[in-house]
Amino acid sequence: MLLLGCIKEVSDYELAVSLPNGLSGFVPVTQISDAYSKLLTQQVAEGELLEELHSLPDMYSPGMLVRCIVTSAEKSADGRRSVKLSIDPKKVNKGLSSTALAAGMLLSGSVLSVEDHGYLIDIGVTGTHAFLPHQKAKNYIKAVKKGPDLKIGQNLNCLIVEVKNEGRVVCLSIDRSEVAASIATERQNWALSNLLPGLVVKARVQKVAPLGMKLTFLSYFTGIVDFMHMDPEKSMSYSPDQVVKACVLSVHPTSRAVRLTLRPPFLHAGGAPRQLPGQRMGAVLEEATVKAFYKQFGAVFELDDGTLAFARLKHLSKTRKSFKPGAFKEGCKHKCRIIDYSLMDEMCVVSLKHQVIEARFLQYQDIHTGDVVQGKVLSLKPIGMQVKVADGIRGLVPSLHLSDVILKQPEKKYNIGDEVKCRVLECNPGGKKLILTLKKSLVQSKLPVLSNYEDAKPGLITHGFVVCAREFGCIVKFYNDVKGLVPKNELSSEPVSCPDKVFYEGQVLKVMVLKCEPQQERLLLSFRLSSRPGPEDKWKCTPKEKQEVKYQIGEIVDVKILKKKDNGLEVSIVEDEDNMVAWIPTLHLSDFVATSKLLWHCLQEGDILPRVMYLRDKGEHIILSRKSAVISAVQEEQVVRSFSEIQPGMLLTGYVRNVMPFGVFVEFPFGVTGLAPKVSMSDKFVTDTKDHFVVGQTVIAKVISIDEEKQRVLLNLKVSECSSGDSAAESFALLNQYFKELKEIRDLLRRGEPSICELVPGKRVHLVVQDVREDGSALFSGSSVTGLTVTATRYHLGDKNIAPGEKRKALVLHVDALTSEVYVSLREELLKQRP
C-alpha cells in the first residue's frame, strides 16, 4: 500500500512517520535507498567512517512529507501493531516504466551521486537515467539548510522538466516554487497501477455523506475523502459538482481504493503540516466539547483553543460494556488528555480514560533522571532486563543493576510480568533511551540525586556505584553518566593496599564530593565521610587548645541532650561555664547495638545523661561515649595510649569501626586502630564478614602482631582466644549490664509509652481478634495493648480456627519497643506452663 506520510522523529537508525488516520510507522535505515544501503554495507565491512555517508538526522527533519510503501504490518505480543515502511524509490515508484514518464510529473527520487554539473537521481525506474542540474537545486538547498550540497540517500520531490530518448533520460527540478505549482493532469497519463500519493489534483464532488464524500479526478478516477480530511473551515459547505483541489493520501494496490485530503497544507506539493506546540502534549483539559460522534470510529472534540481533536472508540470509556453513546451528543463536555498528535490529520489525539488522564508518564519527556518508577518485567536477556514503564515507554535495567549484588541467575529472582520498583539512571527522550536501576540502596536513597557536574559542590554526600576498582582507587558513577574518582588515600580511614579485593563492580556506597571541575567533567570523591563533617555537622566548639586543657580522654562528665539527630545526640556538658557542645554517636550509647538504638528512641531533648566519658577530639567536635566496657577499660588502665605501648598477646577493649569483606577494623580509646583479618574473626567459618560483626559493636580483641614500620596492628576476635580466664564471671557481668540498661529503657518508656512497659515476655493477656491475614497470621487488639500492633504468626495460633471479633487468651513472646510491635502466642502448651 502506498501512503503519504510526515516524518515525526529522526534517529540514527530509523525515521518515525505519521500516517493518515492517526496511524504511525517506521522506516528502518536500510529502507532509504539502494545507494544509501550500499554505503552502509561498505562502512560496516571497512570498519571506518565514510565521508560521503551522512546520518539520517543530517538529511531528514520532522515535518517533511515523504511517500512510503508498507513493507510489513505485524502485531506484537501486547497487541500493538508495528508498521514497517520503505521510502526507497525502487519500491515506491515500481508501477512506473520509462515509457510512462511525461513532463510535469511529480515523483519521489533519491540522490544517487554528486557530479560536476549536478546530481544523478534514483527515481526507481529501470532503464531511465535522471539528472538534476545544480541550477534547479540551489534554491531548495538554501531553504533546507542541511549543508552546501545534497547528500547521497536524501529523499526529494522531483518534478520532471524534460523527457528525452523515449524516457531513457529525464531532466528534473526540485525548485520549491515549481514543485508547489505542479498539478497532476490527464496529459500525464496517470494510471491506477502507478498513481502516487502526494499528487495534487483538481477534483469534482460526486456525493456528500455524513462520514465524508466521494470525488472524481483525472477524468475517470474516483476517490474518498473521510471526515478527518475535509477542510475544517468548509466542511459544512461542500455540494455535488463543486470543483475542489485535493491531494492523494493513499492508494491501495488490491482494492484500488484512493483516499484524498482537502486540508490546506497538503494542497501545494512539498507543503508541511502544522506541528503541535510542545507544552500541549500530555495536557489535561477539563472541558472538551463534542463536535461529532461516529459510532464506528470515535468522536471529534473542540478543545479550549478552538482546535479539533479526535478520540478513538476504545479511548472513550474504560471498557466496551461501560460505553454510553448518549454521553457523546453534540455539545456534551468531557474531561480528556492529549496523548498524541497526528501530523497527517493535523489533529490532537485525546483519551477520556481515567487511567490515562491520571497516568504519571505518557512519553519519555515526562520522565526525569532520579524518578522512582513502577514497571513490569517484559524480558530477561544477557545485557539486562527490559521493563515496561507505561504504554509506549520501555526501559532497560543493565545486568549490573538487577540487584545490590551481581546476580548470576536473574531468572531465579525475576519472572516475566513481575511488578518492579526502579529508579531512573538516565533518560534521553530524543533517542527513546531509558536506563533504570533495581539496586535497593539507590532506589530507597534519600540523599540528593547527582545528575550533572554543576551540582557536585564540595561537601555534598550522595550515593554512587563502583564501576571500576584498580590500584589507583575507584571510579564511581552517578546519574546521567556523571562519574568521578576516589583516589587510594580516600578509600578508607585505614590504608587499603588492594582496592580491587575490597570493592566490587556495582557496589553502592556513600561518597562525598571533594572537588569538581564541571568544564573538564572531572570529579574528585572520598569514601571517608566520618572524618569530615558535612555542612549540618558544624559544631559550636570552643578553640581546640582550650578543650584539651579542660578535658582529658577518660574524664567522666554529665551531659544534657540539646538535639536528637539521625545518627546521634548533640549534648552540652553540665557545669561547664562555656556551655561546651559535644556529640554522642548513637552507637556509643551502649555496648549493645540493639540497646543503643532503643536508648536513642526513648531519650528526649532536655534529658540528663550521667557518667559519659570523654573519648576523643579530632578538632571538629568532641566525641563522648557511654559504653560501660570501654569506660571500665580506661578507668582500670587496661588501655594503650600510643602505638609504642602495644605488645603481642594483650587483651584490649574497643569497638568496631569498619566492616570490610577482608576483615574488621577495631578502634580503641586514645585512637589506636587494628585489623582483625577474616581468618581471625570468629571460631566459626566466615563467609560474609557482615554476618558476624556490625559497626559500633563493643569487642575484646587480642593483639596477634604489630608492624612498627607500617604502624599496623593485627588482631584476633575469636571468643576462644579473647577470654581472660574467668569466662563465666565475664559473661554474668555482661548480662548484668544488659539487664541494667533494659531497666533504664523501661523507666524511660514509661514517660511516653506506659502500656508497652507492662508487657513482658511470658505475661498472659486478654485480646480480641481484629483480622486474619492471607498468610495465616492474625492481628489483635485489647485494652492492655492500646496503640500497639499485636501479631501472632500462623504457627503460634496453634490448631485453633479464629475469626474477627473473638476473645482469646494469649502469651507475650516478644516486645519491640522501636516499632511498637508485640508478638504473642495462642498455643496451649505455652499457656499451660504459666500460672
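A residue counts as buried here when its relative accessible area is under 20%. By that yardstick, 46% of the 835 residues in this chain are buried. Keep in mind as you look around that this is a predicted model.

Start with the overall view. The chain holds 14 helices and 45 strands. Its radius of gyration comes out at 39 Å, well over the 28 Å that the globule rule gives for 835 residues, so the chain is more spread out than a compact globule. If you draw a box around the C-alpha atoms along the principal axes, you get roughly 115 × 70 × 50 Å.

Now let's walk along some of the strands. Strands of a sheet pair through backbone hydrogen bonds, and they can do so in a parallel or an antiparallel way. This model has both kinds of pairing to look at, beginning with a barrel. Five strands close up in the order β6-β7-β8-β10-β9, with mixed pairing. On average, neighbouring strands of this sheet are turned by 50° against each other, ignoring direction. To see a parallel pair inside the barrel, find β8 (residues 129–133) and β10 (residues 169–173), which are held by three bridges. Within that pair, Ala-130 sits opposite Val-170 of β10.

The barrel strand β7 also takes part in a salt bridge. Lys-90 and Asp-122 meet through their side chains, at 3.5 Å from N to O. Lys-90 belongs to helix α3 (residues 89–92) and Asp-122 to strand β7 (residues 118–122), so this contact ties together parts that are 32 residues apart in sequence. How exposed or buried are the two partners? Lys-90 counts as partly exposed, at 41% relative accessibility, while Asp-122 counts as buried, at 8%. The two are not alone, either: Asp-34, Lys-90 and Asp-122 are linked in a network of salt bridges.

Further along the chain comes β11 (residues 200–209), which has antiparallel partners. Six bridges join β11 to β12 (residues 212–217), and these two strands make a hairpin with two residues between them. Across that pairing, Val-205 faces Leu-215 in β12. β11 also runs antiparallel to β14 (residues 243–251), this time with five bridges. There, Arg-204 has Val-243 as its bridge partner.

Next, have a look at a salt bridge between two strands. Glu-286 and Lys-335 bring their side chains together at 3.8 Å, N to O. Since Glu-286 lies in β16 (residues 284–294) and Lys-335 in β19 (residues 333–342), the pair ties together parts 49 residues apart in sequence. Glu-286 counts as exposed at 54% relative accessibility, and Lys-335 is partly exposed at 35%.

Moving on, β24 (residues 419–428) is another strand with antiparallel neighbours. One of them is β21 (residues 372–381), paired with β24 over five bridges; in this pairing, Lys-376 stands opposite Glu-419. Another is β25 (residues 433–437), again paired with β24 over five bridges, and here Glu-426 stands opposite Ile-435. β24 and β25 form a hairpin with four residues between them, and Lys-432 in the turn has a positive phi of about 50°.

Finally, jump to helix α12. The helix covers residues 727–752 and includes Phe-732. This phenylalanine counts as exposed because its relative accessibility is 61%. Phe-732 joins Leu-735, Tyr-738 and Phe-739 in a nonpolar surface patch of about 430 Å².

Helix α12 also supplies one end of a salt bridge. Which residue does Glu-744 pair with? The partner is Arg-626, with the closest N and O atoms 2.6 Å apart. This contact links distant parts of the chain, since Arg-626 sits in the loop between β35 (622–625) and α11 (628–635), 118 residues away from Glu-744. Glu-744 is partly exposed, with a relative accessible area of 26%, whereas Arg-626 counts as buried at 11%. If you'd like to keep hunting for such pairs, a search of the whole structure finds 22 salt bridges.

Technical notes. Residues are numbered from 1 along each chain as its sequence is written. This is a predicted model: local features need pLDDT of at least 70, side-chain atom pairs count only at pLDDT 80 or more; totals for chains, interfaces and linings use all residues. Side-chain values use heavy atoms; hydrogens and water are left out. Patches are made of residues with over 30% relative accessible area and no salt bridge: like charges are joined within 9 Å, nonpolar side chains (Val, Leu, Ile, Met, Phe, Trp, Tyr) within 5 Å. Accessible areas come from the Shrake-Rupley method with a 1.4 Å probe; for residues, only the protein chains shown count as cover. A salt bridge is a side-chain nitrogen of Lys or Arg within 4 Å of a carboxyl oxygen of Asp or Glu. Buried means under 20% relative accessible area, exposed over 50%, partly exposed in between (1.4 Å probe, protein chains only). Two strands pair if DSSP finds at least two bridges between them. Axes are lines fitted to C-alpha atoms, for helices over the stretch in contact, and angles run from 0 to 180 degrees between N-to-C directions. The radius of gyration is taken over C-alpha atoms; the globule rule is 2.2 Å times the number of residues to the power 0.38.
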